[in-house]
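Please look over the sequence and the model below before reading on. The report that follows takes up a few topics in turn, each under a short heading.

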Amino acid sequence: YDTELNQALTVIQEVLRENARVLHDMNPVIGVRLLADSSINIAVKPWVNVQDYGPAGAEINKSILEAFREHGIEIPYPQREVRLLQDAA
């Protein structure tokens with residue numbers, strides 16, 4: 001939740017612009033899909049040709065991960081806080 005969301009969305013847009021499999025005549029859907037316990041889940045849904053569907057997804061996810069690392073955008077690990085309460089009895 002500490003990551004600058006607009007920066008992350010901009011980085012994703014750049015990744016999609018640079019991927020040759022993404023069709024650029026239709027706008028991709030990029031946005032917040034879920035506010036989860038330990039993360040903000042972002043939907044990334046570009047338009048691609050049917051035969052490129054599998055390879056494009058793998059390439060895009062890899063490129064997003066690399067771009068996030070390059071820009072200092074962290075992907076959080078799930079975290080839980082556990083409190084041990086002592087019974088007052």
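## A network of salt bridges

Which residues are linked in a network of salt bridges? In this predicted model, the network is made up of Arg-21, Asp-52 and Glu-59. A search of the whole structure finds four salt bridges, and two of the pairs described here involve Arg-21.

In one pair, Asp-52 forms a salt bridge with Arg-21, and their closest N and O atoms are 2.8 Å apart. This pair links distant parts of the chain, since Asp-52 belongs to the loop between strand 2 and helix 2 while Arg-21 belongs to the loop between helix 1 and strand 1, 31 residues away. In the other pair, the side chains of Glu-59 and Arg-21 meet in a salt bridge with an N to O distance of 2.7 Å. Because Glu-59 lies in helix 2 and Arg-21 in the loop between helix 1 and strand 1, this pair ties together parts that are 38 residues apart in sequence.

## How covered the network residues are

Is Asp-52 buried or exposed? Its relative accessible area is 13%, and buried means under 20%, so Asp-52 counts as buried. Arg-21, at 25% relative accessibility, counts as partly exposed, and Glu-59 is also partly exposed, with a relative accessible area of 31%.

When neighbours within four places in sequence are left aside, Glu-59 is in contact with Asn-19 as well as with Arg-21. For a sense of distance, the C-alpha atoms of Glu-59 and Pro-46 are separated by 12 Å, and these two residues stand 13 residues apart along the chain.

## A salt bridge between exposed residues

Another salt bridge joins the side chains of Arg-83 and Glu-81, with 2.8 Å from N to O. Arg-83 and Glu-81 are both exposed.

## The nonpolar core

In soluble globular proteins, nonpolar side chains tend to be buried together. In this model, the largest nonpolar core has 13 residues, and those with the most contacts inside it are Ile-60, Ile-64 and Phe-68. Two elements, helix 1 (5-18) and helix 2 (53-70), are the ones that give two or more residues to this core.

What does Ile-64 touch, if residues up to four places away in sequence are not counted? The residues that Ile-64 touches are Ile-12, Val-15 and Val-44.

## A loop residue and its contacts

Ser-39 is found in the loop that runs between strand 1 (29-35) and strand 2 (40-45). The relative accessible area of Ser-39 is 19%, which falls under the 20% limit, and therefore Ser-39 is counted as buried.

The side chain of Ser-39 makes a polar contact, at 2.8 Å, with the side chain of Asn-41. Apart from its neighbours within four places in sequence, Ser-39 is in contact with Tyr-1, Leu-34 and Pro-76.

## A nonpolar patch on the surface

Tyr-1, which is among the contacts of Ser-39, also takes part in a nonpolar surface patch of about 320 Å², together with Val-32 and Leu-35. Val-32 has its place in strand 1. With a relative accessibility of 41%, Val-32 counts as partly exposed, because this value lies between the 20% limit for buried and the 50% limit for exposed.

Terms used. Residues numbered from 1 in each chain as written. Predicted model: local features only at pLDDT ≥ 70, side-chain atom pairs only at ≥ 80, totals over all residues. Heavy atoms only, no water. Helix = DSSP H or I, 4+ residues; strand = E, 2+ residues; numbered from the N terminus. Buried < 20%, exposed > 50% of the residue type's maximum accessible area, 1.4 Å probe, protein only. Polar contact = N/O pair within 3.5 Å; in protein donor to acceptor, adjacent residues only side chain to side chain. Contact = heavy atoms within 4.5 Å. Core = buried A, V, L, I, M, F, W, Y, C linked by side-chain atoms within 4.5 Å. Patch = residues over 30% accessible without salt bridge, like charges linked within 9 Å, V, L, I, M, F, W, Y side chains within 5 Å. Areas by Shrake-Rupley, 256 points an atom, 1.4 Å probe, with all protein chains shown as cover.
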